[in-house]
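Here's a quick briefing to read alongside the model. Have the sequence and the 3D view open as you go.

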Amino acid sequence: MADLRFVGQINGHRGWVTSLVCPQTTDSNVAVVSGSRDNTLVSWTLNNNRTSDEDAYATSVRRLEGHSAFVQDSALTNNAEYALSASWDKSLRLFNLKTGACFGKFLGHSKDVMSCAFSPDNRHILSGGRDNRLKIWNVKGECVYTLDKDSHTDWVSCVRFSPAVQS
């Protein structure tokens, strides 16, 4: 098992950090994406000019804005080109990490969205929230299925897809 060691911290949010997600690929310029109670996502890259422990471990590349309430969760596509955010403003947003453009606002939850995930093929998005519902979306922002009948009787606080089976 690999040893874990503290190598530094990153500063840049104006509120509590509520989510961290790292790319699944090693060729990404993005080292981590963080979500916060300041209503934003921030993408970070490693600071290659770091010479001491006092130097910033990572630098902010882009602040992704648009939510009107806390960002609770975030997810990345497999290639780390797009980030998804789940917010207490009852929406999800899909951002292009290279340009910062918001490609879609996903509306349909009646209360705070607590969690989000991309399917292994990046073609679908799963969300869950305080409205006790699970929703499956296409990447265009269209809800294709809502699980709400005879299902959860309380908040859905975490959603995940199982990894794709390799054949």
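Let's start at Ala-75: setting aside neighbours within four places in sequence, Ala-75 is in contact with Val-21, Tyr-82, Ala-83, Leu-84, Cys-116, Ala-117 and Phe-118. Keep in mind that this is a predicted model. Ala-75 also belongs to the largest nonpolar core, so that's a handy place to go next, because nonpolar side chains tend to be buried together in soluble globular proteins.

**The nonpolar cores**

- The largest nonpolar core is made of eleven residues: Ala-75, Leu-84, Ala-86, Leu-92, Leu-94, Phe-106, Val-113, Cys-116, Phe-118, Ile-125 and Trp-137.
- Three strands each bring at least two residues to this core: S6 (82-87), S7 (91-96) and S9 (113-118).
- Which strand gives the most to this core? That's S9, with three residues.
- There's also a second, separate core of ten residues, and among them are Leu-64, Val-71, Ala-83 and Leu-97.

**Aromatic pairs**

- The count of aromatic pairs comes to three.
- One of the pairs is Tyr-82 with Phe-103, set edge-to-face, with 5.8 Å centre to centre and 65 degrees between the planes.
- This pair ties together distant parts of the chain, as Tyr-82 sits in strand S6 and Phe-103 in strand S8 (residues 102-107), 21 residues apart.
- Are these two rings buried or exposed? Tyr-82 counts as partly exposed because its relative accessibility is 27%, and Phe-103 also counts as partly exposed, at 48%.
- Another pair is Phe-106 with Trp-137, again edge-to-face, with 5.5 Å centre to centre and 80 degrees between the planes.
- Here too, distant parts of the chain are linked: Phe-106 is in strand S8 and Trp-137 in strand S11 (residues 134-138), 31 residues apart.
- Phe-106 and Trp-137 are both buried, and both are members of the largest nonpolar core.

**One arginine, two rings**

- Take a look at Arg-130, which lies over the face of Trp-88, at 4.4 Å from the ring centre.
- Arg-130 also lies over the face of Trp-155, this time at 4.1 Å from the ring centre.

**The chain as a whole**

- How many helices and strands does the chain have? You'll find zero helices and twelve strands.
- Read from the N terminus on, the elements run β-β-β-β-β-β-β-β-β-β-β-β.
- The radius of gyration is 16 Å, close to the 15 Å that the globule rule gives for 167 residues, so the chain is as compact as a globular protein of that length.
- Along the principal axes, the C-alpha atoms fill a box of roughly 55 × 45 × 30 Å.
- Out of the chain's 167 residues, 40% count as buried.
- Look at contacts between residues at least 6 apart in sequence, and 40% of them join residues at least 24 apart.
- The chain exposes about 9900 Å², and carbon and sulfur atoms supply 48% of that.

**Towards the end of the chain**

- Asp-154 is in the segment after strand S12 (143-147).
- Why does Asp-154 count as partly exposed? That's because its relative accessibility is 49%, and the exposed class needs over 50%.
- From C-alpha to C-alpha, Asp-154 and Lys-140 are 28 Å apart in space, while in sequence they are 14 residues apart.

Definitions and conventions: Residues are numbered from 1 along each chain as its sequence is written. This is a predicted model: local features need pLDDT of at least 70, side-chain atom pairs count only at pLDDT 80 or more; totals for chains, interfaces and linings use all residues. Side-chain values use heavy atoms; hydrogens and water are left out. A nonpolar core is a set of buried Ala, Val, Leu, Ile, Met, Phe, Trp, Tyr and Cys residues joined through side-chain atoms within 4.5 Å. Buried means under 20% relative accessible area, exposed over 50%, partly exposed in between (1.4 Å probe, protein chains only). Helices (H or I, at least four residues) and strands (E, at least two) are DSSP runs, numbered from the N terminus. Contact means heavy atoms within 4.5 Å. Rings of Phe, Tyr and Trp (its six-membered ring) pair if their centres lie within 6.5 Å; planes under 30 degrees apart count as stacked, over 60 as edge-to-face and the rest as tilted. A charge sits over a ring if NZ of Lys or CZ of Arg is within 6 Å of the ring centre and within 35 degrees of the ring normal. The radius of gyration is taken over C-alpha atoms; the globule rule is 2.2 Å times the number of residues to the power 0.38. Accessible areas come from the Shrake-Rupley method with a 1.4 Å probe; for residues, only the protein chains shown count as cover.
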